[in-house]
Structures are given as structure tokens and as C-alpha cells.
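Dear colleague,

I am handing over the structure below, together with a short account of what was found in it. Please read the notes alongside the coordinates.

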Amino acid sequence: MAGGGVGPGIDGKRAEFYEGGVTVFFILAVIVGSLGGSLFGYDLGVSSGVTSMDDFLKQFFPKTYERKHAHLHETDYCKYDNQILTLFTSSLYFAGLLSTFAASPVTRKYGRRTSILTGAVSFFLGGLINAAAVNILMLIIGRIFLGIGIGFGNQAVPLYLAEISPPKIRGAVNQLFQLTTCLGILVADLINYFTEKIHPWGWRLSLGLAALPATLMFVGGLFLPETPNSLVERGKVEEARRILEKVRGTKKVDAELEDLKDASAASRAVKHPFRNILKRKNRPQLIIGALGIPAFQQLTGQNSILFYAPVIFQSLGFGTGAALYSSIITGSMLVVGAIVSMLLVDRLGRRFLFMEAGIQMIISNVIVGVTLALEFGHGAVLSKGISILLVVSICAFVAAFGWSWGPLGWLVPTEIFPLETRSAGQSIVVCVNLFCTALVAQCFLAALCHLRFGVFILFACLIVIMTLFIYFLLPETKQVPIEEIYLLWEQHWFWKKIVVDDASKETKQQQPPPHLQL
């Protein structure tokens with residue numbers, strides 16, 4: 001079969017002996033843990049709204065404000081093409097990119113919980129500094145603190161959710177990170193809609209309220225249990241057993257604990273996880289999980305739409321209020337997509353959602369690109385019918401992203417890395433993701449200005465490539481225990497040629513010479 005997908009019915013080691021179910025303790029743990037997504041989401045949403053507010057532009061970007069009002073009711077691709085304005089958005093992601101390398105050793109040596117708390121504190125400080133900003137330097141410093149918070153949070157939270165979840169519902173639980181991200185975006189859009197009417201300090205309220213989700217995550221994190229995987233990795237086996245019994249609701253956790261101990265033994269044997277991830281046996285995880293999926297997630301163009309939704313709609317001739325209202329609609333579609341994904345990801349599987357959404361996103365981008373090519377950029381106000389078509393197409397795109405690349409872009413990398421490289425792998429995932437996020441954020445408005453409608457055709461072409469990437473290279477991982485994912489690569493039509501050959505070579509190297517064998 002061309003796709004080479006391997007179903008969940010593989011021969012595992014002890015998976016069939018796993019017992020337990022969903023407990024109240026487990027539910028509380030994943031709710032608190034998933035709050036990390038709200039930090040990322042709130043910033044995505046609030047940044048897009050604030051950068052279109054007149055009071056904010058007037059104080060920090062007066063030239064952009066003047067250019068905007070010179071063509072307030074006309075279509076203009078280049079209204080917001082200001083690299084300092086886009087630096088306000090992208091500086092956070094460059095900071096997050098660098099901080100994730102500091103987050104990796106913290107997450108591995110001190111646990112997932114410690115990184116979550118560190119991220120919450122940094123994000124809280126960033127929100128306060130931005131709310132009090134009186135110049136661009138303060139804005140950038142605040143964004144850097146926010147970026148550090150996101151770097152730590154995005155590194156630890158997906159790992160936490162993947163590790164603490166039972167295999168049968170791991171996909172749905174990990175989707176909570178995306179759901180809280182989407183809810184954070186929607187809440188930020190609603191706040192922006194109302195604060196835009198508060199002059200002249202409404203933008204300060206929008207930025208300052210970032211401290212609220214950070215406070216919730218910190219307070220909840222104080223009571224958060226560490227994951228059994230992390231405890232075993234740090235030699236705290238009895239504590240891991242106690243936590244495992246509480247989250248699974250049963251004393252019969254020996255099979256799962258033994259898998260964790262085996263994985264931990266392999267993990268402790270690896271002294272240099274970043275170097276180990278480059279080995280041939282880890283090639284699938286490196287190419288798919290660490291590089292391909294996080295880069296492609298941003299190259300869909302989704303975060304560009306989230307960053308600049310109000311800006312895009314204003315450039316399309318919508319007024320300020322209408323633009324923010326339209327971004328609320330797209331934010332709502334993202335939440336709908338996340339809920340759909342949670343309900344279907346462990347039933348239909350990861351590959352199905354990737355493939356279906358890829359087709360839907362390609363069609364949506366082509367519709368937007370062709371429509372803009374025919375109707376936009378001539379200094380005229382778009383008709384009501386054309387405006388509705390554009391909003392509907394963008395909503396269809398956002399919804400498809402919401403049940404595919406959005407949540408699965410975090411879920412799949414966290415579940416395919418073995419324990420010995422999981423923290424290092426997640427650091428690379430976050431690093432690549434934030435680098436591409438920052439790159440797209442920094443370049444999108446300039447690309448919109450110079451490529452015009454072509455930027456959406458470009459994204460459509462990229463989605464074709466990434467959909468084929470998934471079809472040929474990613475096996476199905478639904479309901480496969482996280483410590484037994486490696487068996488999928490050994491049965492995959494392409495990857496088995498790499499990982500099995502490498503394992504054979506390592507076995508030969510470890511065997512004594514023939515004359516010394518018994």
C-alpha cells in the first residue's frame with residue numbers, strides 16, 4: 001500500500017496487560033496541564049487584534065496608522081507592511097525558539113511540572129511589562145518574556161499530556177492542548193472586540209490580561225502530579241507507582257510500570273540525547289516528528305491568518321469593528337475544529353484527519369487566491385457577496401486546520417519519540433515550530449504586499465507537499481502504547497529499511513567475535 005500505514009494491531013510487549021481507566025485525579029491533572037495551551041492561544045489572538053487597534057498604532061507605529069487611515073475603506077495589500085510592527089509579533093517566537101533549549105534539560109532533570117511552572121512565571125511577567133509599555137523597547141522586552149514562557153510551556157505541556165494518558169485515549173487527551181490554545185485565541189478575540197472601544201488604553205488591558213491564564217497555570221501547577229515516565233526516568237520508581245495507581249485507578253499497574261522502567265533504562269544509557277536523535281534508528285522521529293510536522297504546521301499559513309486576521313479583513317475593506325468581529329468567527333471555527341478532532345482522533349486515526357483536512361485546506365486557499373486575483377487590489381471596496389465568500393473560505397480553512405495540523409502537529413511528535421530522546425526531541429519540535437512561526441509572522445505582511453493573491457496559492461502548493469509527506473511516511477499511531485511506537489517503524493514499508501538495518505548493525509557490533517562465542 002502506498003501510504004504504508006500500520007494499524008494499532010501490532011504485537012506489543014505488555015500493552016495487552018495494561019489495566020485501569022479514567023479517574024477524577026487523572027481528569028484534574030490533564031485539565032491543569034492543558035492550560036499551557038491557553039498561554040499560546042491567548043497571545044496569538046491578542047496580538048492579532050492589538051496590532052489593528054488605532055490607539056496602539058498611533059502610539060507606537062504612527063506611519064502605519066496614517067497609511068491605514070489614508071485608505072480606510074479601500075482594499076490595499078500593503079496597508080500594514082511594516083517590519084517593526086511584525087517584529088512586535090515575531091520577537092516572541094524568536095525568544096521562545098532560544099528558550100526551548102534551556103527548557104529541555106530542565107524538563108528532563110527536574111520534571112515536566114517544573115518547566116510548566118517556569119513558563120507560567122515568565123509569561124506572567126511578559127504580560128505585565130507589555131501592559132505598562134511606553135515605548136517599542138518595552139514592548140519587545142515584554143514579548144521576549146512571553147516567548148520564554150511559551151518556549152517552556154510548549155516544550156513540557158504536550159509531553160505531560162502524552163505521558164500521563166492511557167494509550168486508548170491519548171490522542172483525545174493530548175488534543176486538550178490544542179483546545180485550550182483555540183479557546184485562548186477565541187477569548188482574546190472577544191476581549192479585543194470590547195477593548196477596542198476603550199480609548200486610549202484598551203490595548204493595554206488586552207495585553208495585560210495575558211497574566212490571567214499564566215496565574216491559573218501556575219496555581220494549578222503547584223498541585224500538579226509529575227508524570228510516571230518522568231519519575232521513573234529520575235529514579236523515583238515507588239513514587240511513579242503511586243502516581244500511576246492514582247491516575248489509572250487500580251493497583252494493577254505492574255505491566256505499564258515495567259514498560260516505563262525498560263524505557264527509562266534505555267534513556268539513562270543515552271548520555272547525549274541530542275546526539276542520539278541523529279542516529280539512523282531515530283531517523284523517522286527526526287524527519288517526521290522533529291523537522292517535518294512542526295515546520296509544515298506553520299507553513300500551512302494558519303498562524304499568519306490568526307496573527308493578522310483583523311489586519312487581513314481590514315485590508316479587504318472591512319472596518320475595524322467588522323474586522324475584529326470576523327476574527328471572532330474564525331476563532332470560533334478553530335474551537336469547533338479542535339472539538340471535532342478530540343472526538344474523532346482515536347476513532348478515525350491521525351492519518352485520516354491529516355489527509356481530509358489537507359484536501360479541504362488546499363481548496364480553501366485556491367478559492368481565496370483566485371477570488372483575490374479577480375476582485376481585489378484595485379482600490380475598490382469589495383462587494384458583500386465577495387466578502388462573504390472570502391470569510392467562508394477562510395473559516396473552512398481554519399476549521400480544517402483545527403482538526404488536523406493544529407492539534408496533530410503537537411500530538412504526533414510527542415508520541416513517536418522514545419523516552420531517551422523525548423525531551424530533546426520535543427525541544428527540537430518547539431524550536432522548529434517557533435522558528436517557522438516567527439519566520440512566517442515576520443514575512444507574511446510583506447509577502448501579502450508583494451505577492452498579493454499569490455501568497456495563498458503558495459500556501460496551497462505547500463499543503464499539497466505536506467499531505468503527500470503524511471501519506472507516504474507517517475504510520476497510524478492511534479491506540480498504540482507510547483513506549484511501543486518504535487514497533488511501527490519496523491513494520492513500515494519505507495522506514496523498516498532504515499531502522500531494522502541499523503538495529504542489525506548495532507547487534508552485530510555488540511556481539512563478541514566468533515572465536516569467543518559459546
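Of the 518 residues in the protein chain, 61% are buried, and please keep in mind throughout that this is a predicted model. The chain has 24 helices and zero strands, and among its contacts between residues at least 6 apart in sequence, 82% join residues at least 24 apart. Its accessible surface comes to about 19,400 Å², with 69% of that belonging to carbon and sulfur atoms.

Turning to the interior, the largest nonpolar core holds 117 residues, and Phe56, Ile288, Met361 and Trp405 are those with the most contacts inside it. Helix α21 (residues 419-451) supplies the largest share of this core, namely eleven residues. Leaving aside residues up to four places away in sequence, Trp405 touches Met361 as well as several others, including Phe296, Phe354, Met466 and Ile470.

Some of these residues recur where two helices pack: Phe354 and Met361 are among the residues of α18 that meet α22, and Ile470 is one of those on the α22 side. Helix α18 (residues 350-375) and helix α22 (residues 454-473) pack at an angle of about 165°, their axes lying 8 Å apart; since angles over 145 degrees count as roughly antiparallel, the two helices are therefore roughly antiparallel to each other. The crossing of α18 past α22 is left-handed.

Finally, in helix α10 (residues 211-221) the buried residues are Ala211, Pro213, Ala214, Met217, Gly220 and Gly221, and these pack against α1 (24-34), α2 (36-50), α6 (112-131) and α9 (202-208).

With best regards

Key
Residues are numbered from 1 along each chain as its sequence is written. This is a predicted model: local features need pLDDT of at least 70, side-chain atom pairs count only at pLDDT 80 or more; totals for chains, interfaces and linings use all residues. Side-chain values use heavy atoms; hydrogens and water are left out. Buried means under 20% relative accessible area, exposed over 50%, partly exposed in between (1.4 Å probe, protein chains only). Helices (H or I, at least four residues) and strands (E, at least two) are DSSP runs, numbered from the N terminus. Contact means heavy atoms within 4.5 Å. A nonpolar core is a set of buried Ala, Val, Leu, Ile, Met, Phe, Trp, Tyr and Cys residues joined through side-chain atoms within 4.5 Å. Accessible areas come from the Shrake-Rupley method with a 1.4 Å probe; for residues, only the protein chains shown count as cover. Axes are lines fitted to C-alpha atoms, for helices over the stretch in contact, and angles run from 0 to 180 degrees between N-to-C directions. Angles under 35 degrees count as roughly parallel, over 145 as roughly antiparallel, 65 to 115 as roughly perpendicular and the rest as oblique. A crossing is left-handed if the near helix is turned anticlockwise from the far one by less than a right angle, and right-handed if clockwise.
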